[in-house]
Amino acid sequence: MAKPIILSIDAMGGDAGPDMVIPGVALAVERRPDLRFLIYGDSSVIAPLIKAHPRLEAACELIHTDVVVRMDDKPSQALRAGRWKSSMWKAIEAVKTGQAMACVSAGNTGALMAMSRFCLRGLGDVQRPAIAAIWPTTRGESIVLDVGATVGADARQLVDFAVMGSAMASAVFDLERPKVGLLNVGVEEIKGVEQVKDAAKMLRAANLPGLDYVGFVEGDDIGRGTVDVVVTEGFAGNIALKTAEGTAKQIAQYLRQAMTRSLLAKLGYILARSAFDRLREKMDPRKVNGGVFLGLNGIVIKSHGGTDAEGFASAVELGYDMVVNDLMAKIAQGISNYHRAGGSLDLAVAEAGED
C-alpha cells in the first residue's frame with residue numbers, strides 16, 4: 001500500500017469556516033483515497049460535520065483548539081493572539097514538526113503568511129516569500145507569482161521568484177526547463193521599472209539550467225499562456241489576479257443575460273448547451289483555487305476565503321500534488337543551481353548599477 005499523504009487543515013479559516021472546509025476535505029479524500037488529515041479547530045463544531053462523512057472520519061484526526069484567527073485580524077494581532085494556540089498556527093506547526101507534509105487554510109492571508117514565516121522560517125537565502133497561483137490559459141495552465149506576498153520586490157527577489165516558480169512548474173506540469181517571463185509594460189528591453197530591467201539582466205547572465213528565461217511578457221500574455229511562469233511583484237500580481245477573477249464573473253453574467261433575453265436566445269442556449277458547459281467548467285475559479293506559499297521551509301496552501309466545498313477540495317488536492325511531486329526538493333535544487341551561478345549574478349548586478 002502506498003504511503004499516505006498527510007495534510008494539516010485549519011478548519012476554522014474562510015468566510016464559512018468548518019461548514020465549507022469539512023465538506024471540501026471530504027470531497028478531496030473521495031478523489032484521493034491515500035490522503036490523511038490532521039484537522040485543527042473547535043471540536044464541538046467540527047466533530048458533527050466529520051461524522052456526516054464516514055470516509056473522512058476514518059482518514060482524519062481532530063485536534064481541538066480554542067483560538068480562531070479572524071478574517072479581519074491584522075497580521076500582528078493574529079501573531080499576538082494566535083501564536084502557539086490557534087487552529088491556523090497548529091496546522092502550520094504540524095508541517096514544521098513533520099507530522100504533516102503540507103498545510104491548507106482558507107484563513108486571513110496576511111495572518112497566514114505572517115505565521116508561516118514565523119513558524120517555518122525562510123528557505124535558505126531566499127529573501128522574501130511569494131504566493132504562486134495556477135492560472136488557466138488558452139494553452140492549458142501557467143504559474144503566476146507573486147500574487148500578493150511581497151509588494152515592491154527588488155531585482156534579486158524577482159530572480160528568487162523565477163527560480164521558485166520554475167521549480168513549481170517542473171513539479172506541477174512535469175517540465176524539464178519551464179519558460180519564464182518577467183511581467184512588464186512592454187517587451188522592449190528599454191521599457192519598465194529599474195528592478196524589472198535589472199532582474200532581466202541577472203536572469204540572462206545566470207543562464208540557469210532549471211529555467212528558460214525568454215524575456216519580458218505583457219498582461220495579455222498571461223491568458224495566452226505565452227510562458228509557463230510569469231514573474232512579477234505582489235502589487236501588480238494581486239491586481240492581475242483580482243482583475244482576472246472579476247472578468248470571469250463579468251463574462252459569466254453577460255452570458256446569462258444574453259441567453260435569457262429572448263425565446264430564440266434560449267433555444268440557442270439549449271442547442272449549444274454542451275459548449276457552454278465546457279466554457280463554464282474552464283472559467284470556474286474553484287478548479288484552480290489555491291495559492292502556494294513559496295520560499296518557506298515547508299508547503300502552505302492558501303485557499304480563497306470565499307470559496308465553497310468544491311473550491312476548498314481543489315486547494316487540498318493542490319497540496320497533495322505539491323507533496324507527491326516533491327516541490328520542496330525541486331525548489332532546493334533550483335536554489336542550488338542559482339547559487340552555483342552566483343558569480344554571473346553578481347556581475348549582472350554590477351553591470352545593472354553602471355547603466
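The paragraphs below lead through two helix pairs, a group of aromatic rings and two buried residues in a predicted model.

A good place to begin is with helices that pack against one another. Two packed helices are described by the angle between their axes and the distance between the axes. Helix α4, which covers residues 75-82, packs against helix α6, residues 109-120, at an angle of about 55°, and the two axes are 8 Å apart. That angle makes α4 oblique to α6, and the crossing in which α4 passes α6 is right-handed. On the α4 side the contact is made by Pro-75, Ala-78, Leu-79 and Gly-82, while α6 contributes Gly-110, Ala-111, Ala-114, Met-115 and Phe-118. Sorted by character, the residues of this contact of α4 with α6 comprise seven nonpolar and two polar ones, with no charged residue among them.

Another pair of helices can be read in the same terms. Helix α7 (residues 155-173) and helix α8 (residues 194-206) have axes that come within 8 Å and cross at roughly 55°, and α7 and α8 are therefore oblique to each other. The crossing of α7 and α8 is right-handed. Here Ala-155, Arg-156, Leu-158, Val-159 and Ala-162 of α7 meet Gln-195, Val-196, Asp-198, Ala-199, Met-202 and Leu-203 of α8. The contact of α7 with α8 divides into eight nonpolar residues, one polar residue and two charged residues.

Phe-118, already met in the contact of α4 with α6, also leads to the aromatic rings. A pair of aromatic rings is described by the distance of the centres and the angle of the planes. In the whole structure, a search finds three aromatic pairs. One of them joins Trp-84 and Trp-89, whose ring centres lie 4.8 Å apart with 70° between the planes, an edge-to-face arrangement. The two partners differ in their surroundings, because Trp-84 has a relative accessible area of 52% and is exposed, whereas Trp-89, with a relative accessible area of 1%, is buried. Trp-84 also pairs with Phe-118: the ring centres are 6.4 Å apart and the planes stand at 75°, so this pair is edge-to-face. Since Trp-84 lies in the loop between α4 and α5 (87-96) and Phe-118 belongs to helix α6, the pair ties together parts that are 34 residues apart in sequence. Phe-118 itself has a relative accessibility of 29% and therefore counts as partly exposed. Taken together, Trp-84, Trp-89 and Phe-118 form one aromatic cluster.

Two residues in strands complete the picture. Trp-135 lies in strand β5, which runs over residues 130-137, and its relative accessible area of 10% means that Trp-135 is buried. Leaving aside residues up to four places away in sequence, Trp-135 touches Gly-140, Glu-141, Ser-142, Val-144, Ile-222, Ala-240, Leu-241 and Ala-244. The C-alpha atom of Trp-135 is separated by 9.5 Å from that of Asn-289, a residue 154 residues apart from Trp-135 along the chain.

The other residue, Ser-8, is found in strand β1, residues 5-10, and with a relative accessibility of 0% Ser-8 counts as buried. With residues up to four places away in sequence again not counted, Ser-8 touches Leu-38, Tyr-40, Ala-91, Ala-94, Val-95, Ala-100, Ala-102, Cys-103 and Val-104.

Notes:
Residues numbered from 1 in each chain as written. Predicted model: local features only at pLDDT ≥ 70, side-chain atom pairs only at ≥ 80, totals over all residues. Heavy atoms only, no water. Axes fitted to C-alpha atoms, helices over the stretch in contact; angles between N-to-C directions. Helix = DSSP H or I, 4+ residues; strand = E, 2+ residues; numbered from the N terminus. Parallel < 35°, antiparallel > 145°, perpendicular 65-115°, else oblique. Left-handed = near helix turned anticlockwise from the far one by under 90°. Contact = heavy atoms within 4.5 Å. Nonpolar A, V, L, I, M, F, W, Y, C, P; charged D, E, K, R; others polar. Phe/Tyr/Trp six-rings, centres within 6.5 Å; stacked < 30°, edge-to-face > 60°. Buried < 20%, exposed > 50% of the residue type's maximum accessible area, 1.4 Å probe, protein only.
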